[in-house]
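Hi,

Here is the structure I said I would pass on. Have a look at it first, and then read on for what I found.

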Amino acid sequence: MRITSKSDKSFRMALTALFALVVAAMSPLAVRAQFLHPKVTSKQVTIRNIVILPAKVQVVRDSMKGPEGMAAESEELSSRVEKILAEVLASQKHVATVSGSVAPSSDGATDQKYSVADFQSKFDLLLPKIMKKRGDVKQGRFSMGDEVLNLNLDKTADAIVFIRGQGQALTSGKKAFTLLVGGKWAYLKLQIGIVDAHSGEVLLYTDPALDGDPTTAVDRLRSALEKSFKKLPAAG
Amino acid sequence: MKRALVVATLCFSIAFTSVAPPALAQKKSAPVEATPPPVNEEFKFGKVDLELFEQVQLLDRRFEREGLVLEDEATSAFLTRIGKSLLPKGLTLENVVWKFRALRDPQPNAFALPNGSIYVTTGLLSLMDNESQLAAVIAHELTHVMRRHTYLQNRSNRKKFLTINVMSAIGAYAPGGLVGTVITIATAVAPFIVMATIFGYSRDLEREADLKGIDMMISAEYPPEEMVKMMKILKRDIEGENIRFFYNDHPALQERINYLSSYLGGRADKVTPQMELNREQKAYFNSAEPIMRHDFNLEINEARFRSAVYLAQRLTDFNPTSSENAYLLAEAYRSLGPRAPELTEQELTNSAKKDAAKKREKRTLEEEERELLATAAGQENWKKHQQKAEELYLRSLSLEQPAPAAHRGLGMLYEKLGRTNEAISAYEKYLELAPTANDRERIQRRIGTLRK
């Protein structure tokens, strides 16, 4: 039988607190920063109808033998993020999601597919700049230009939503390993940009994050998204 | 004491296994004169390989769905004809269905998925001079599939990631003192060392693909020296984006040029009439012109303006009477704005390229242009390029079957120059000639703004 002294106990408590701190520091921060264009804060522009472009959320399963792809789960999660985001914006901000499919272009569906793909890659070019200085969205520094009009979206759409995300799930072996040794826990980080459908200006940028297995997150995801759009003025 | 000893033994054994492979890999490198058989017949699918195969199948479908594959029958037929001519006759491989596709990506690149999908980017297709160079790229990628390189690499990577994790565990429980310090350092450096061994292994596979590719080219009557020329084309760095890092999954291009030239030796001496035909630039450009034009738009979309100028110039040189090509060159110069059309030697040094990449991540295009316009050189470039663009737009409109988009380009040019009335009439002319244009609303809005 071991005899534990008072000082031993407080040392163990301090150690536990330190461990908790280290774990908290290593897990992704649950930052839900929101940055709004002055036109939105001043209500010069009101977002009533949006088009959500296909989300690009990639998750991997981290195992003891390195990261493994989760292509099917990534696709499923991408659709889920789009769906929950539409629901959150509808219920909390009275923003309607209009169909992404568009007035048919002269050369048909393939051209439209290319057009969406090119705008997605254009947003990918702009995203690192936004992420470097997110606060500059408030100064209206970022724009995709009036080329967004070439997407020929539904006439009622006044904003386009771009969604990106990265996350990881852990295998049970990796979970045990992370518990013992430390490292990144399961997480999901999203980057969401809302762009004016006429001028191309970035009207809102937010980057919700959540801890835990992203592939099973539904309520946690909904709650993270709700918090991420708190500042957006309601349309109604 | 006993624990420390066990940890130390583990540490050194892992350190040895991690450090040794690069040295061994060098010894293992295939001699220049020998290439392995075309197919890896000993390969048996395991669970890990089948999982990878499934992921890759999904990736293929995702490329299609997201509009990344160039869906053009003529292009697919062109690539398939070349790909099939290189394959050994009667070859069937488990879990492989050959597909040859162009990927809508302006970055020059090509890759093979282990399920038999070979992708060549439009950016690479636009830089080539003849069909043989394309055959060189496809032959290289075919070897990766036939020799099951992706599966082998995946297996190897997984073993090495396990090593990283084991080393981290040892590092976390390292005792104090000298042994602890060694383990801590080894752990911090471990991913680096392990990655270096991955790097070494991959280079061997790349080399195998290069050499086997030469053999396949000869069998299909493509002049093999075109592979060396292809490497030289890849060495050109128009955008200053080929930054050398410690890790790089292909051997240095110069190294590849050297060993390929040495492997070619007498093999390049025998030239058949078919080989001569496959070297023809005109025939290649006839097939690749639509791909190049498509790629041009991708270059502009991704702000690769120097590549756009280079590409449009190639198109204009090939077909100087084409109104479409003159229009593209005008667009390229207008978009280039205050930038210099070519990077200087200083700008092409590795450190300068790294600095430029950092700046690209921070500045928007408008900010970059403003900064350049504040310099005398930027002002001069801007003036020169706008003049050139105007001349080329007008030339495009003077040629047979004038491209209506040249009016739109002129409108944008005049709008920027503050020539409002001319801009409005150019835009109006464009809308008149292209009433169903995709960007009709955009142009109408521009006219509206200019009129206010």
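What pLDDT does chain B average, and what percentage of the residues score at least 70? The average for chain B is 83, and 81% of the residues reach a score of at least 70. Bear in mind that this is a predicted model; its overall scores are ipTM 0.81 and pTM 0.83.

Confidence varies along chain B. The lowest is in helix α1 (residues 2-28) of chain B, with a mean of 38, and the highest is in helix α13 (residues 323-336) of chain B, at 98. The pLDDT is below 50 over residues 1-33 of chain B, a stretch that nevertheless has 41 contacts in the model beyond near neighbours in sequence. Residues 173-201 of chain B also stay under 50, and there the model has 49 contacts beyond four places in sequence. Where pLDDT is low, the predicted coordinates should not be read in detail, and I'd treat both sets of contacts that way.

Now the general picture of chain B. You'll find 19 helices and 3 strands in it. It has 452 residues, of which 37% count as buried. Taking contacts in chain B between residues at least 6 apart in sequence, 72% of them join residues at least 24 apart.

Chain B splits into domain 1 (2-276) and domain 2 (289-451). Where the two meet, domain 1 of chain B puts in 16 residues and domain 2 of chain B puts in 21. On the domain 1 side, helix α4 (residues 122-125) of chain B gives the largest share, at 3 residues. By class, that side of domain 1 of chain B has 6 nonpolar, 5 polar and 5 charged residues.

The strands of chain B are worth a look, starting with β3 (residues 117-121) of chain B. All of it is buried, 5 of the 5 residues, so the strand is largely enclosed by the rest of the structure. In a regular strand the side chains alternate between the two faces of the sheet. Here both faces are covered: Ser117(B), Tyr119(B) and Thr121(B) are buried on one side, and Ile118(B) and Val120(B) on the other.

β3(B) has a partner in strand β1 (residues 99-103) of chain B, parallel to it and joined over 5 bridges; Leu103(B) has Thr121(B) as its bridge partner. Strand β2 (residues 110-112) of chain B runs antiparallel to β3(B), with 3 bridges between them, and there Ala110(B) is matched with Val120(B). The β2(B)-β3(B) hairpin has 4 residues between the strands, and Gly116(B) in it has a positive phi near 100°.

One residue I stopped at is Leu264(B), in helix α9 (residues 253-264) of chain B. Is Leu264(B) buried or partly exposed? It has 18 C-beta neighbours inside 10 Å, and since 20 would be needed to call it buried, Leu264(B) counts as partly exposed. Leaving out residues up to four places away in sequence, Leu264(B) touches Ile214(B), Pro224(B), Glu225(B) and Val228(B).

On to the contact between the chains. Chain A and chain B each bring 28 residues to it. On the chain A side, β4 (66-69), α3 (71-93), α4 (109-132) and α5 (172-181) of chain A each supply at least two residues. α4(A) gives the most, with 12 residues. That side of chain A divides into 12 nonpolar, 8 polar and 8 charged residues.

Within chain A, I looked at strand β6 (residues 159-170) of chain A, which is mostly covered, with 11 of its 12 residues buried. Its pairings are as follows:

- Strand β2 (residues 49-52) of chain A pairs with β6(A) in the parallel sense over 3 bridges, and Ile50(A) stands opposite Ala159(A).
- Strand β3 (residues 56-63) of chain A is also parallel to β6(A), with 7 bridges; Arg61(A) has Ala169(A) as its bridge partner.
- Strand β7 (residues 187-196) of chain A runs antiparallel to β6(A), with 10 bridges, and Gly165(A) stands opposite Leu190(A).

Lastly, helix α6 (residues 219-228) of chain A has Leu221(A), Ala224(A), Leu225(A) and Ser228(A) as its buried residues. Down the axis of α6(A) they fall within an arc of 95°, so they line one face of the helix. Their cover includes β1 (34-36), α3, β8 (202-206) and β9 (209-211) of chain A.

Cheers

Notes. Residues are numbered from 1 along each chain as its sequence is written. Chains are lettered from A and ligands numbered from 1 in the order in which they are written. This is a predicted model: local features need pLDDT of at least 70, side-chain atom pairs count only at pLDDT 80 or more; totals for chains, interfaces and linings use all residues. Domain bounds come from an automatic or database domain assignment. Two residues are in contact if their C-beta atoms, placed from the backbone, lie within 7 Å. Ala, Val, Leu, Ile, Met, Phe, Trp, Tyr, Cys and Pro count as nonpolar, Asp, Glu, Lys and Arg as charged, and the others, Gly among them, as polar. Two strands pair if DSSP finds at least two bridges between them. pLDDT is the predictor's confidence in each residue, from 0 to 100. The arc is that of the directions from the helix axis to the C-beta atoms.
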